[in-house]
Amino acid sequence: MLNIFTLRIPMKKLLCLLSFTLTAALSAHAAGPYHKDLLKGTENDLVKADQSKADIAALHGKKYTFIYFSAHWCPPCRAFTPKLVSFYNDNKKNNDFELLFVSSDKSQEAMFKYMEETKMPWIGLKKDSPAAGPLKQKFGVKGIPCLVLLNEKDEIIASSYGTDGKYKGPQVALEKYLELHKK
C-alpha cells in the first residue's frame with residue numbers, strides 16, 4: 001500500500017492535487033456520459049408541449065431514459081398515454097429518469113396537439129428530426145405504442161417488443177422500472 005507521507009509531497013500541493021482530481025471527477029459525473037450518442041445532433045430538435053425549445057440537458061445525468069413512440073391518430077396510443085402521464089408524474093420524484101417522445105404523427109402541428117391534449121410533461125423530438133428514423137430502427141419499433149427503457153449506457157432494459165420481436169405492450173417498460181426500484 002502506498003503511503004502518501006513517504007512521497008514527501010508538500011501538504012499544500014497534495015491538497016491542491018486531490019481537490020483538482022475530485023472536482024474533475026464530480027464534474028464528469030454531473031455532466032454524465034449518459035446518452036452521449038443517442039441524441040447526437042438533436043440539440044435543436046427537442047421541444048416541449050407548449051412548442052418552446054427544450055434543453056437536451058434534461059436527458060443528461062439520468063440513470064434511465066424512456067423513449068415513447070406514439071401518435072395522436074393511434075387509438076391504443078391515446079388509451080395508453082394518460083397512463084404514462086400518470087406514471088411519469090407519480091415517479092418523477094425519484095429524479096432518476098426522463099422521457100423522450102418520438103412522434104409518428106403526420107405533422108408537427110398534430111404532434112403538438114397530442115402533447116398538449118394529453119398534458120405530456122416530457123420533451124419531444126420534432127416531427128421532422130433526422131434522428132427519429134434511426135431511433136425507431138435502433139430500438140426495433142415495428143408499431144406503436146412502443147415504450148423503451150434504457151440504462152445510462154443506452155442499453156435496452158425493457159421494451160414493448162421482446163427479444164423475440166413479439167409485441168408485449170408498453171407497460172412492460174413501466175413494470176421493469178418499478179421492479180428496479182424495489183431492489
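In this predicted model, helix 2 (residues 75–91) packs against helix 5 (residues 171–182) at an angle of about 15°, and the two axes lie 11 Å apart. That angle makes helix 2 roughly parallel to helix 5, and the crossing of the pair is left-handed. On the helix 2 side the contact is made by F80, L84, F87 and N91, and helix 5 answers with Q171, L174, Y177 and L178. Sorted by character, the residues of this contact come out as six nonpolar, two polar and no charged.

Stepping back to the whole protein chain, the secondary structure amounts to five helices and six strands. Along the sequence they follow the pattern α-β-β-α-β-α-β-α-β-β-α. Of the 183 residues, 43% count as buried. Among contacts with a separation of 6 or more, 65% are between residues 24 or more positions apart.

Aromatic rings turn up repeatedly in this model, with a count of 14 aromatic pairs. One of them joins Y68 and W122: the ring centres are 6.5 Å apart and the planes sit at 85°, so this pair is edge-to-face. Y68 belongs to strand 2 (residues 64–70), while W122 sits in the loop between helix 3 (108–117) and strand 4 (123–125), so the pair ties together parts that are 54 residues apart in sequence. Both partners are tucked away: Y68 is buried with a relative accessible area of 0%, and W122 counts as buried at 1%.

Another pair brings the story back to helix 2. F87 and F97 form a tilted aromatic pair, with 6.2 Å from centre to centre and 40° between the planes. Here F87 comes from helix 2 and F97 from strand 3 (residues 97–103), so the pair ties together parts that are 10 residues apart in sequence. F87 and F97 are both buried. F87 is also one of the helix 2 residues that make the contact with helix 5.

Ring pairs link these residues into a cluster made up of Y64, F66, Y68, F80, F87, Y88, F97, F101, Y114, W122 and Y177. Cluster members F80, F87 and Y177 also take part in the contact of helix 2 with helix 5.

Y88, another member of the cluster, lies in helix 2 and is buried, with a relative accessible area of 5%. Leaving aside residues up to four places away in sequence, Y88 touches F97, E98, L99, P121 and W122. The C-alpha atoms of Y88 and L174 are 9.5 Å apart in space, although the two residues are 86 residues apart in sequence.

A few backbone details in the loops deserve a mention. A cis peptide bond joins I144 and P145, with omega at about 0°. P145 is found in the loop between helix 4 (132–138) and strand 5 (146–150). Two further residues have a positive phi without being glycines: K119, at about 55°, and D154, at about 65°. K119 is in the loop between helix 3 and strand 4, whereas D154 is in the loop between strand 5 and strand 6 (156–159). Their surroundings contrast: K119 is exposed, with a relative accessible area of 62%, but D154 counts as buried at 12%.

Methods:
Residues are numbered from 1 along each chain as its sequence is written. This is a predicted model: local features need pLDDT of at least 70, side-chain atom pairs count only at pLDDT 80 or more; totals for chains, interfaces and linings use all residues. Side-chain values use heavy atoms; hydrogens and water are left out. Axes are lines fitted to C-alpha atoms, for helices over the stretch in contact, and angles run from 0 to 180 degrees between N-to-C directions. Helices (H or I, at least four residues) and strands (E, at least two) are DSSP runs, numbered from the N terminus. Angles under 35 degrees count as roughly parallel, over 145 as roughly antiparallel, 65 to 115 as roughly perpendicular and the rest as oblique. A crossing is left-handed if the near helix is turned anticlockwise from the far one by less than a right angle, and right-handed if clockwise. Contact means heavy atoms within 4.5 Å. Ala, Val, Leu, Ile, Met, Phe, Trp, Tyr, Cys and Pro count as nonpolar, Asp, Glu, Lys and Arg as charged, and the others, Gly among them, as polar. Rings of Phe, Tyr and Trp (its six-membered ring) pair if their centres lie within 6.5 Å; planes under 30 degrees apart count as stacked, over 60 as edge-to-face and the rest as tilted. Buried means under 20% relative accessible area, exposed over 50%, partly exposed in between (1.4 Å probe, protein chains only).
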